[in-house]
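Q: I am new to this structure. Please take one part of it, look at it closely, and follow its neighbours outward from there.

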Amino acid sequence: MKRTVWLLVVLLSAGMLTLSLIQSSSSPASASAAPRASENNNAAVSNPLTPPAHGQIPVAFLISEGAVVIDFTGPWEVFQDVHLPKGDMPFRLYTVAPTLKPIHASGGMKIIPDYSIATAPMPKVLVIPAQSNLGPATKEWIRKVAKNADVTMSVCTGAFALASTGLLSGKAATTHHSAYTALADQYPDIQVKRGARFVEAGNLASAGGLSSGIDLALRVVERYFGHEAARQTAFAMEYQGEGWMNPDSNSIYAQPYAQVEEHPVCPICGMEVDPTTAPKSVYNGKTYYFMNEQHKQQFDASPQTYIGK
């Protein structure tokens, strides 16, 4: 008797934990009701997107040398983990590169692209991670895609790649917190939002650094299929971040690090540096320390640009 009661308690506890998943995938009655719930959720979602009546939503991941792995694999995992009430996987994912030549992502990961920009199907969602500088043909491809895409989104310093196309001109955007100043300096016509987890500007969107791309991807899921679909996707991933529900949740990065003698801050990226090992320059009798040699060279070329920032 005791064993039977114990088993019932465990099953009830498990049922409570997985109730939402059972309702969406196991119960015939709830399967028919789920689309109505999704429609109700969509009505409450700001700036909703309309999925196609038939077929999957094509999502392209633009990669080239140096593409930062989490910037594109984080959103990739989100989109591939979305399952609708009938078990459908609504997104079709593929990689695109300037050519079909294998590329090396961060950490040396070798990737063979699915398509080149010359052969890639037109996506409805385009994901642009941080990567090396893009050539003219790739920039033109992004501009072509963005005309008809539901969302063209950058992740981390992928914002620079998107900005280089001119599409962000006059719009708001964000990037990794170490690159706020650089993005604002390089593209003064962009409204750089410090402390934003992600920023939406029409059919363009930009995420902050690295893991922020996961939240922006969940936000895209929410816009297509409602809050519950995004919530269940995060639950299935065991992702407990809630930044996808609050674009201002990166507020900890809104203010630059304070410049103090014990912990100097690189005037280029605003990151704290170790004065015992960091490259340094002296300007007007004051010593400045840098995150790397490249930042030192930028400063040395035009120190007045960075003084007081």
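A: Two strands count as paired if DSSP finds at least two bridges between them. The model is a predicted one, and the part chosen here is strand 1, residues 57–62.

Strand 1 has a partner on each side in an open sheet of seven strands, whose order is 5-2-1-6-7-11-10. The pairing in this sheet is mixed. Its edges are strand 5 (115–116) and strand 10 (198–201); each has a single partner strand, so one side of each lacks a neighbour in the sheet.

With strand 2, strand 1 pairs in the parallel sense over six bridges. One of the residues involved is P58, whose bridge partner in strand 2 is R92. Strand 1 and strand 6 also run parallel, joined by three bridges. There A60 has L126 of strand 6 as its bridge partner. Further along the sheet, strand 7 and strand 11 are paired in parallel by four bridges, and V155 stands opposite A207 of strand 11.

How many of the residues of strand 1 are buried? Six of the six are, so the strand is largely enclosed by the rest of the structure. Buried here means under 20% relative accessible area. The side chains divide between two directions: I57, V59 and F61 point one way, and P58, A60 and L62 the other way.

Strand 1 also belongs to a right-handed β-α-β unit, together with helix 4 and strand 2. These three elements are among those that each supply at least two residues to the largest nonpolar core, described next.

That core has 40 residues, and F79, F91 and V125 have the most contacts inside it. Besides strand 1, helix 4 (69–80) and strand 2 (91–97), the elements giving at least two residues each are strand 6 (125–128), strand 7 (151–155), strand 11 (204–207), helix 8 (212–225) and helix 9 (227–236). Helix 8 gives the most, with eight residues.

F79 shows how strand 1 meets this core. Beyond its neighbours up to four places away in sequence, F79 touches V59 and F61, which point one way from strand 1. F79 also touches F91, L93, V125, V127, A217, V220 and V221. L62, which points the other way from strand 1, is included in a second, separate core of 25 residues, along with I117, I142 and I190.

Two places elsewhere in the chain can be set beside this enclosed strand. In strand 9 (residues 191–192) lies Q191, which counts as partly exposed at 47% relative accessibility. Leaving aside neighbours within four places in sequence, Q191 is in contact with G170, K171, A172 and A173. A polar atom of the Q191 side chain lies 3.2 Å from the backbone oxygen of G170.

The other place is helix 10 (residues 293–301), where H295, K296 and F299 are buried. Viewed down the helix axis, the buried residues fall within an arc of 105 degrees, so they line one face of helix 10. These residues pack against strand 12 (280–283) and strand 13 (286–289). The face turned away from the buried side carries the exposed residues Q294 and A301. At the start of helix 10, a side-chain oxygen of N292 comes to within 3.2 Å of the backbone nitrogen of Q294.

Key
Residues numbered from 1 in each chain as written. Predicted model: local features only at pLDDT ≥ 70, side-chain atom pairs only at ≥ 80, totals over all residues. Heavy atoms only, no water. Buried < 20%, exposed > 50% of the residue type's maximum accessible area, 1.4 Å probe, protein only. Arc of directions from axis to C-beta. Contact = heavy atoms within 4.5 Å. Polar contact = N/O pair within 3.5 Å; in protein donor to acceptor, adjacent residues only side chain to side chain. Core = buried A, V, L, I, M, F, W, Y, C linked by side-chain atoms within 4.5 Å. Right-handed = clockwise from strand over helix to strand, strands pointing away.
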